[in-house]
Amino acid sequence: MHEKFETHEHDVLIIGAGGAGLRAAIEALGHGARVGVVCKSLLGKAHTVMAEGGIAAAMANVDTADDWRTHFRDTMRGGKFLNNWHMARIHAQESPDRVRELEQWGALFDRTSSGDILQRAFGGHTYKRLCHVGDRTGLEMIRTLQDRGVHLGIDVFMECAITKLLKDGDRVSGALGYWRETGRFVVFKAKAIVVATGGIGKAWRITSNSWEYTGDGMALAYDAGAELMDMEFVQFHPTGMVWPPGVQGILVTEAVRGEGGILRNKDGERFMERYDPEKMELSTRDVVARAIYTEAREGRGTEHGGAYLDISHKPAEYVKKKLPSMYHQFRELADVDITQGPMEVGPTCHYMMGGIRVDAETAQSTVPGLFAAGEAAAGLHGANRLGGNSLSDLLVFGRRAGSAAAEHANGSGPVEVDAQQVLEGTRELLAPFESDGDNPYQVHRELEETMQNYVGIFRNEEDLQKGLGEIEHLNERAARVRVEGSRLFNPGWHLGRDLKSMLTVSKAVALSAAARKESRGAHSRIDHPNYDETWAKQHNIIAREGDQMTLKQLPVMEMPADLKEIVYG
Ligand SMILES: Cc1cc2nc3c(=O)[nH]c(=O)nc-3n(C[C@H](O)[C@H](O)[C@H](O)COP(=O)(O)OP(=O)(O)OC[C@H]3O[C@@H](n4cnc5c(N)ncnc54)[C@H](O)[C@@H]3O)c2cc1C
């Protein structure tokens, strides 16, 4: 059957060409595997390219007292101890080598006067730890990884969306997708697959995320039988643009605060003194986001419902050098000169701490041959991610996923692609052309409102139940969306497919959020405002049984004594 379609065969198929996917590809190639990389957009345009502030790694170039132990402790404390400690330890220990490697491959970082990689302060990090290139770190990272990967000979399939994972018994055997330009189907056969598709921000109305962040990888893995973990933990970054409306949500990097930016309310009060007098603007993101939201809700917000963030006390040339993207962003989009006056900022949906449950050493999911890394995977960040810990996560666990996937492929026999699974996948994709239901854009707008209003920064039982009810209705409508026109580059058709992923992941988020009856990290329950001892020891696990989404709890792994000493000692 699959002979009917364009078919490609690899040992390892990597879905996603952001930092995690590219790092995995480089590693798998190094292990002798034939590697294919598929991405929805053009190579080099993945979300990673938007990363601004930097990569967290305890290199101790600026603050010499820093070491992996402090980074490990900061990450665990920031994640409110729900992190997979094994991942957090590996991450803290391996990040410096991964950054050095990036430098050897050609990345040009900002430098100290003695020529080392310069590091800046960020929220929740005890020391200056973020290796950066002005506020364009992601661009340098993706450029370097892309150059390296292309030079080594990765096979890249751009503007191609994967819509289904295929299985041979329990194992993965490939994936079905379509070319965004022509709408033609394509089958990938592979012994191992790495999901590196990033997060799910497009399910919320106010978000820093681009159109690509529709939770595809998490939903694909869930459909294929993998478990999702801790989906309630969605990070709302404290500082997105709030004005004008067309740019609402676009990120204002934490580097502004890292470089000395000050937050004030409409009365000119430096309100972080009331929320975290010790760390002030460099408190963790969950705390700062709630502080800004609360100021606005209680009538002390700016004209457009945010807070003022001011860096204009620093010399103009310094601001332009350290924050060039922010300078241009505000000049061009809001007609504000940030060297002269404050920016208006407010919380924006930014990052998914939850995701595919993976093994710490190998990044393998609960499905044999299916691996996940980067934002699509769960574990490292627990209940709240520290800024800069994502880019280092991509390098550390992208590398591990690539290596383990290649080994898995090298050690396993041939896999078969099941024609029936392909046929079902194509039928489902074509259904909207025959349907007479809603327009996908309308369903998406309603999903964004639902998630923003009921599964947002502050939550309670009533809202979450309302949200779950709405998601159920939207699911029914999404199954019958109607699209006009042909399969030739048809964004409405693409969105109709993306809706399926967004709704699966949104339901997982709302279900997990309703279950966790406590407040922890990014999950803030007005009706359960405190930590709960029982929930401190449990992860939420989402899985599929037939057509049903199930939720169960998994005990948090006990930390060994030496690590406890680092964290609590
Ligand atoms: C504006 C902004 C600034 C940030 N700044 C920082 C920072 O300074 N430091 C930091 O540590 N973190 C930062 N982050 C977070 C960090 O950038 C992301 O978490 C990280 O880049 C995710 O990388 P990834 O490799 O997991 O996914 P991505 O880089 O998003 O790549 C996902 C890839 O998957 C592909 N894809 C998705 N679905 C499909 C599908 N169905 N089929 C085929 N391909 C698919 C996409 O096309 C893309 O190639 C920032 C995030 C944003 C939005």
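Which residues does Q329 touch, not counting residues up to four places away in sequence? In this predicted model, the partners are E52, M241, I250, L251, V252 and A334. Q329 itself lies in helix α10, which spans residues 324–334. Its relative accessibility is 13%, so Q329 counts as buried, the cut-off being under 20%. One of its partners, L251, is also reached through a polar contact. Here the side chain of Q329 comes to 2.9 Å from the backbone oxygen of L251.

A second buried polar residue was examined in helix α11. This helix covers residues 389–411 and contains S392. S392 counts as buried because its relative accessibility is 1%. A polar atom of the S392 side chain lies 3.4 Å from an oxygen of the backbone, that of N389. Beyond four places in sequence, S392 touches I55, A56, H91 and S95.

Strand β2 provides a further buried site. The strand runs over residues 35–38 and includes G36. The relative accessibility of G36 is 0%, and G36 therefore counts as buried. With residues up to four places away in sequence left out, G36 touches H10, V12, L13, I14, D155 and F157. The pair G36 and L13 was also examined by C-alpha position. These two residues are 23 apart in sequence, yet their C-alpha atoms are 4.9 Å apart in space.

The sheet considered next is open and has 4 strands. Their order is β15-β10-β17-β18, and the pairing is antiparallel. The edge positions belong to β15 (355–356) and β18 (548–555). Each of these has a single partner strand, so one side of each is left without a neighbour in the sheet. In general, strands of a sheet pair through backbone hydrogen bonds, either parallel or antiparallel. For β15, the pairing with β10 (residues 228–229) is antiparallel and extends over 2 bridges. Within this pairing, L228 has I356 of β15 as its bridge partner.

Internal voids were then surveyed. The model holds 3 cavities of 30 Å³ or more. The largest has a volume of about 50 Å³. Its lining includes M87 and M353. It also takes in A372, A373, G374, A377, A378, G379, L380 and H381. D393 and F397 complete the lining. By class, this lining has 8 nonpolar, 3 polar and 1 charged residues. D393, part of this lining, falls within the residue range of helix α11 (389–411).

The second largest cavity likewise has a volume of about 50 Å³. Its lining consists of V234, Q235, F236, D286, A289, R290, I457 and A522. Two elements each supply at least two of these residues: strand β11 (234–241) and helix α8 (285–297). The class division of this lining is 5 nonpolar, 1 polar and 2 charged.

Where does β11 appear again? M241, at the end of the range given for β11 (234–241), is among the residues touched by Q329. The strand that helps line the second largest cavity thus also holds a contact partner of the buried residue Q329.

Methods:
Residues numbered from 1 in each chain as written. Predicted model: local features only at pLDDT ≥ 70, side-chain atom pairs only at ≥ 80, totals over all residues. Heavy atoms only, no water. 1 Å grid on protein atoms, 1.4 Å probe; cavity = no way out; pocket = protein on both sides within 12 Å on 5 of 7 lines; lining within 4 Å. Points joined across faces, edges and corners; volume = space filled by probe spheres on them. Nonpolar A, V, L, I, M, F, W, Y, C, P; charged D, E, K, R; others polar. Buried < 20%, exposed > 50% of the residue type's maximum accessible area, 1.4 Å probe, protein only. Polar contact = N/O pair within 3.5 Å; in protein donor to acceptor, adjacent residues only side chain to side chain. Contact = heavy atoms within 4.5 Å. Pairing = 2+ DSSP bridges.
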